[in-house]
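Biologist: I should like a close look at a single part of this model, namely its helical segment. Please describe how charged and nonpolar side chains are arranged along that part.

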Amino acid sequence: MQQLPPGGWDTMATKDDLQVLGATLAATFTAALAEFRVEVTTAFADLRVEVTDAVADIKVAHAESRAELVKSQARHLYITVSTIVLATIFIWIALLTVPAGG
């Protein structure tokens with residue numbers, strides 16, 4: 001009895017008080033956990049959108065780069081084929097304009 005707080009028995013916590021406190025803490029933790037889950041889910045959704053957009057941008061840049069490469073290769077092929085055709089024509093002209101028996 002000498003170890004009781006100076007306020008007396010009415011200031012002592014009862015089992016019911018502890019159960020109410022436990023329920024209050026459990027509800028608070030449950031609400032905080034639910035809020036945290038919403039924030040994490042939202043953050044991951046935002047991150048997924050950003051990554052998807054970045055990947056799409058990279059794919060577009062790659063496609064544009066690839067298109068430029070194909071155009072460049074087509075120009076080089078056109079120049080090469082044109083050069084071969086012109087050289088063939090000049091050779092035929094030279095062969096056909098040589099005097100007979102000469």
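**A close look at the helix**

Modeller: The protein chain has one helix and zero strands. The model is a predicted one, and the helix in question, α1, covers residues 15-97.

The overall exposure sets the context. Of the 102 residues in the protein chain, 0% count as buried. The chain exposes about 9,400 Å², and carbon and sulfur atoms supply 69% of that area.

Consider the acidic residues to begin with. A patch of negative charge on the surface is formed by D46, E50, D53 and D57. Of these, D46 has its place in helix α1. The relative accessible area of D46 is 43%, so D46 is partly exposed; membership of a patch requires over 30% relative accessible area and no salt bridge.

A pairing of opposite charges is found at E68 and K71. These two residues form a salt bridge, with their closest N and O atoms 3.8 Å apart, which falls under the cut-off of 4 Å for such a contact. The structure holds one salt bridge. Because E68 and K71 are three residues apart in helix α1, about one helical turn separates them. Both partners are partly exposed: E68 has a relative accessibility of 44%, and K71 has a relative accessible area of 45%.

The nonpolar side chains complete the description. L77, V81, V85, L86, I89, F90 and I93 make up a nonpolar patch on the surface, and together they have about 650 Å² of accessible area. One of them, I93, lies in helix α1. With a relative accessible area of 44%, I93 is partly exposed, so I93 clears the threshold of over 30% that applies to patch residues.

In summary, helix α1 holds D46 of the negative patch, the E68 and K71 pair and I93 of the nonpolar patch.

Conventions:
Residues numbered from 1 in each chain as written. Predicted model: local features only at pLDDT ≥ 70, side-chain atom pairs only at ≥ 80, totals over all residues. Heavy atoms only, no water. Helix = DSSP H or I, 4+ residues; strand = E, 2+ residues; numbered from the N terminus. Buried < 20%, exposed > 50% of the residue type's maximum accessible area, 1.4 Å probe, protein only. Areas by Shrake-Rupley, 256 points an atom, 1.4 Å probe, with all protein chains shown as cover. Patch = residues over 30% accessible without salt bridge, like charges linked within 9 Å, V, L, I, M, F, W, Y side chains within 5 Å. Lys, Arg positive; Asp, Glu negative; His and termini not counted. Charge placed at Lys NZ, Arg CZ, Asp CG, Glu CD.
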